[in-house]
Every structure is written in C-alpha cells, then in structure tokens.
Amino acid sequence: MNEISPWRAVWRQLPLLVALVALWLLLWDHIDLITIVTGVILAVLVTRVLYLPPVLLSGRFNPWRGLLLGLRMMADVVVASLQVAFFAVNPRWQPVNSIIAVQLLTRSDLVTTLTAEAISVVPGTVVVDIDRERGLLYLHALGTRTNADIDRVRHQVLGTEERIVLAIGTHAQAESIRAARRERRAARTSKGAGA
C-alpha cells in the first residue's frame, strides 16, 4: 500500500478546505484578513483533528443516467407524497409499517450514502441504520401489510442504488449492477416459466 505525501493529501482535501473557509466567512458575514486567516487555520485543524477517510469518486458521470435518476426521484417523491397524504386523511387506514433490511449490491461508501439519502427523501420511507461492513440498509417503510409490499420496497431501494451507480459509479460497479439485473430477470423468467 503506497503512502500519500502530505502535499498530495492537502491537494486532495483542497475542495473541503475551501468549503470550510467559505462557511467560516459566511458565519462572520464579512471578509477581512483576520477572518480569512482564522478560517484557514480552523479548516486545517478540523481536517487534521477530525480526520475522515477520503470519499473515492469514480470520476465518471453519465449525463443520460443522471437525468433518468433525477426524473425518477421526482416521480417517486410526487407519487409517495400523494400516497402518504391519502393515508393521512383516510380514516379507515390502519398503519402497518416495517423495519426492512436491504442488502445493497455495492460496498462503496459514496453509493451507500447517496442511496440512503435518496430513499429518505421519498415520503413514507426513512433509513434508520446502515451496516457499512455488510452493505445493509435498515429502513422504516409505511404500508407494508404483506410480503409482496416488503419485496416492493426492497426492489425500489435496489432500483435506486442501480440508477445511482449507473449515473456516477465506476465501470466495475456499473458492470456488477448490470450482471445482478440480468440475474434477477433470469430468475423472474424461470419462475414465470415454472408457474
């Protein structure tokens, strides 16, 4: 495992340092030499004392897949908002909710975080825990009366992860997602043929 030089580490964290200095300047609401210097000193201290492992970006963005991800997110939010609103005003609705464990297909911290955020934005579901080592998301979901409802929620989470990986994941992650999609389709086809 090769070591990263201190200058290269600072260069990699430069966007974070700039963002922290900008946040410091916004908090003080004026710009002068002392505010800038203290902002830089605090940004360096924060990144050194409260060190987090770097988030590895793939350097790849597929604009078409990114557009599809955004459109699907908007559609999911609208549909789920209408469903939750209907549940809220329907006096006969008896809430049956579940905590569901979903095994993600990738182990990327970035993809896991983006998937959890995307799931939590949609009304009716919220991520309550993440098991990073095993790649599990635990989420609370509304309206899960049957096993089919639970399977539907799992399928939605995996679909969200798939769209995120195809938009910004590495080539290897995208290929593993495509292979998993082919396996799921083959399993559904064989189950349908056997019925």
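In which helix is Val46 found? Select Val46 and the ribbon around it: the residue is found in helix α3, which covers residues 33–49, where helices (H or I, at least four residues) and strands (E, at least two) are DSSP runs numbered from the N terminus. What you have open is a predicted model, in which local features need pLDDT of at least 70 and side-chain atom pairs count only at pLDDT 80 or more, while totals for chains, interfaces and linings use all residues. Residues are numbered from 1 along each chain as its sequence is written, and side-chain values use heavy atoms, with hydrogens and water left out.

**The whole chain**

Begin with the full ribbon, whose secondary structure comes to 7 helices and 3 strands, running α-α-α-α-β-α-β-β-α-α from the N terminus on. Switching to a surface view, the accessible surface comes to about 13300 Å², of which 67% belongs to carbon and sulfur atoms; accessible areas come from the Shrake-Rupley method with a 1.4 Å probe, and for residues only the protein chains shown count as cover. Of the 195 residues, 29% are buried, where buried means under 20% relative accessible area, exposed over 50%, and partly exposed in between (1.4 Å probe, protein chains only).

**Helix α3 and its patch**

Return to Val46, which counts as partly exposed at 37% relative accessibility. Now add Leu33, Val37, Ile41, Leu42, Leu45, Val49 and Leu50 to the selection, since together with Val46 these residues make a nonpolar surface patch of about 750 Å². Patches are made of residues with over 30% relative accessible area and no salt bridge, like charges being joined within 9 Å and nonpolar side chains (Val, Leu, Ile, Met, Phe, Trp, Tyr) within 5 Å.

**The sheet**

Select the strands next: 3 strands form an open sheet in the order β1-β3-β2, with antiparallel pairing. The strands β1 (98–103) and β2 (125–131) stand at the edges, each with a single partner strand, so one side of each is left without a neighbour in the sheet. From one strand to the next the twist averages 25 degrees. Two strands count as paired if DSSP finds at least two bridges between them, and β1 pairs with β3 (residues 136–141) over 6 bridges in the antiparallel sense. To follow this pairing residue by residue, show Ala101, whose bridge partner in β3 is Tyr138, and then Ser98, whose partner in β3 is Ala141.

Helix α5 (residues 109–121) packs on the sheet, touching β2 and β3, and its direction makes about 155 degrees with that of β2. Helix α6 (residues 147–168) also packs on the sheet, touching β1 and β3, with its direction at about 45 degrees to that of β1. Axes here are lines fitted to C-alpha atoms, for helices over the stretch in contact, and angles run from 0 to 180 degrees between N-to-C directions; contact means heavy atoms within 4.5 Å.

With side chains shown along β1, an alternation appears, in which Ser98, Ile100 and Val102 point to one face and are buried, while Ile99, Ala101 and Gln103 point to the other and are not. Move to His140 in strand β3, a partly exposed residue with a relative accessible area of 27%. Leaving aside neighbours within four places in sequence, His140 is in contact with Asn97, Ser98, Ile99, Gly124, Thr125, Val126 and Val128.

**Salt bridges between α6 and α7**

How many salt bridges are there by the rule used here? The count comes to 8, a salt bridge being a side-chain nitrogen of Lys or Arg within 4 Å of a carboxyl oxygen of Asp or Glu. One of them joins Asp151 to Arg154, with the closest N and O atoms 3.8 Å apart; being 3 residues apart in helix α6, Asp151 and Arg154 are separated by about one helical turn.

Then select Glu162 and Arg181, which form a salt bridge with the closest N and O atoms 3.0 Å apart. This pair links distant parts of the chain, Glu162 in helix α6 and Arg181 in helix α7, 19 residues apart. Both Glu162 and Arg181 are buried, and beyond neighbours within four places in sequence, Arg181 is in contact with Arg65, Glu162 and Leu166.

Finally add Arg184, which forms a salt bridge with Glu162, the closest N and O atoms being 2.9 Å apart. Arg184 lies in helix α7 and Glu162 in helix α6, so the pair ties together parts that are 22 residues apart in sequence. At 24% relative accessibility, Arg184 counts as partly exposed, whereas Glu162 is buried, with a relative accessible area of 12%. Salt bridges that share partners join Glu162, Arg181 and Arg184 into one network.
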